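The following exercises invite the reader to examine a protein chain step by step. Each task is followed by a worked solution.

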Amino acid sequence: MTARIIDGKAFAATVREKVATHVARLKEENGITPGLAVVLVGEDPASQVYVRSKGKQTVEVGMNSYEHRLPAETSENELLALIERLNADPDVHGILVQLPLPGHLNEDLVINAIDPAKDVDGFHISNVGLLATGQKAMVPCTPLGCLMMLRDHHGDLSGMEAVVIGRSNIVGKPMAQLLLRDSCTVTIAHSRTRDLPGVVRRADIVVAAVGRPEMVQGDWIKPGATVIDVGINRIDAPERGEGKTRLVGDVHFDSAKEVAGAITPVPGGVGPMTIACLLANTLTACCRAHGLPEPE
Ligand code: NDP
């Protein structure tokens, strides 16, 4: 039996459609257009692709997109001054500072300067604390997308054994918090975990957020488990021609799909859900700012 392939691309399209419908209603009934400001410092090629894609999808769902592209040598004070202006701008409901920032800028300082109510990435210390204490928070987009796919596939997650591989602030830790909030029994594995395959074999739900191409093998997976592959790794693909590359996840897809009950592919799994959740978070931030009912 091969696994059900969870189609993140199609799921993300339905999330964007719902957001677009809600945005159209906000405009018509309340005269409000949600706005997302994206700040990019420097010329990191991957970041430029992400920012372009975010801007395009923001406009497609009917929101305003404000892009701020700053040179790599921008000073911390200049960046903080821009964030202060965006915090005060009533037309901006969400602010995203694209990471990583150039080395001379303190990421924690910059992220924590964003108004938590506009922190649509959910990285501000207040939102991290709100999530950890079970209060209403802005939830980081990638783990939120993973949770939505898991809920869609399983319905109730309560009592399930979940293993999250990776403990970063942007994926692993918030993912574990969300699974805990949904009453899973959660293990967080990392580079010092002993017998990782044995730990993963216990899991009904595996979330891999490691950044190591195809590390998780099929024989690590409990038969029937659901596998969410967050990893995005570019590897050489000589079989496609000289100098060619391809994207793979942190899971060895071909072997894992023979054992798992369901699995997300790379590309086309978690990736598309991340931007869809960013748009959903911006809409939520806008509704909260205006005291209007939030989307489900
Ligand atoms: P980080 O590098 O910040 O974290 C990686 C984590 O993996 C660390 O906690 C590290 O452990 C752990 N790790 C590293 N090697 C091993 C190992 N051999 N065994 C077990 N654990 C290990 O990465 P991110 O969380 O930012 O991203 C993870 C992956 O997800 C990347 O491929 C990234 O590109 C992708 N990503 C995808 C997104 C999407 O939209 N789909 C969004 C964000 C990220 P330790 O803490 O001990 O060092």
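**Exercise 1. Bridge partners in one sheet**

Task: State which residue stands opposite Leu 36, and describe the sheet around that pair.

Solution. Leu 36 has Ser 65 in S3 opposite it. The model is a predicted one, in which local features need pLDDT of at least 70 and side-chain atom pairs count only at pLDDT 80 or more, while totals for chains, interfaces and linings use all residues. Residues are numbered from 1 along each chain as its sequence is written.

Step 1. Strand S2 comprises residues 35–41, and seven bridges pair S2 with S3 in the parallel sense. Strands here are DSSP runs of E with at least two residues, helices are runs of H or I with at least four, and both are numbered from the N terminus. Two strands pair if DSSP finds at least two bridges between them.

Step 2. The open sheet has three strands in the order S3-S2-S4, with parallel pairing. Strand S3 (64–70) and strand S4 (94–97) are at the edges with a single partner strand each, so one side of each lacks a neighbour in the sheet. From one strand to the next, the twist averages 15°.

Step 3. Helix H3 (residues 76–88) lies across S2, S3 and S4 and runs at about 180° to S2. Such angles run from 0 to 180 degrees between N-to-C directions, with axes as lines fitted to C-alpha atoms, for helices over the stretch in contact. Contact requires the C-beta atoms of two residues, placed from the backbone, to lie within 7 Å.

**Exercise 2. The six-strand sheet**

Task: Determine in what order the strands of the open sheet of six strands are arranged, and follow S7 within it.

Solution. Step 1. The order is S1-S11-S8-S7-S5-S6, and the pairing is parallel. Strand S1 (4–5) and strand S6 (185–189) are the edge strands, each pairing on one side only.

Step 2. S7 pairs with strand S5 (residues 161–165) in the parallel sense over four bridges. Val 163 stands opposite Val 206 in S7, and Val 164 has Val 207 as its bridge partner.

Step 3. Strand S8 (residues 226–229) runs parallel to S7 and is joined to S7 by four bridges. Here Ala 208 stands opposite Asp 229 in S8.

Step 4. In a regular strand the side chains alternate between the two faces of the sheet. In strand S7 (residues 205–208), Ile 205 and Val 207 point one way, Val 206 and Ala 208 point the other way, and all are buried. A residue is buried if 20 or more other C-beta atoms lie within 10 Å of its own, exposed if 12 or fewer, and partly exposed in between, with C-beta atoms placed from the backbone.

Step 5. Helix H7 (residues 172–181) lies across S5, S6 and S7, at about 170° to S6.

**Exercise 3. Backbone exceptions in loops**

Task: Identify where Ser 183 and Pro 100 lie, and describe their backbone and that of two further residues.

Solution. Step 1. Most residues other than glycine have a negative phi, and most peptide bonds are trans.

Step 2. Ser 183, in the loop between H7 and S6, has a positive phi near 65°. Ser 183 counts as exposed because it has 12 C-beta neighbours inside 10 Å.

Step 3. Asp 195 also has a positive phi, of about 50°, and lies in the loop between S6 and helix H8 (196–201). With 9 C-beta neighbours inside 10 Å, Asp 195 counts as exposed.

Step 4. The peptide bond from Leu 99 to Pro 100 is cis, with omega near 0°; Pro 100 is in the loop between S4 and helix H4 (107–111). The bond from Val 266 to Pro 267 is likewise cis, with omega near -5°, and Pro 267 lies in the loop between strand S11 (262–263) and H10.

**Exercise 4. The ligand shell**

Task: Determine how many residues surround the ligand, and which are the closest.

Solution. Step 1. The ligand is surrounded by 25 residues, the closest being Gly 166, Ser 168, Ser 191, Gly 211 and Thr 274. A residue is near a molecule or strand if its C-beta atom, placed from the backbone, lies within 6 Å of it.

Step 2. Helix H10 (residues 270–289) gives the most to this shell, with three residues.

**Exercise 5. The whole chain**

Task: State how many helices and strands the chain has, and what share of its residues is buried.

Solution. The chain has ten helices and eleven strands. Of its 296 residues, 45% count as buried.
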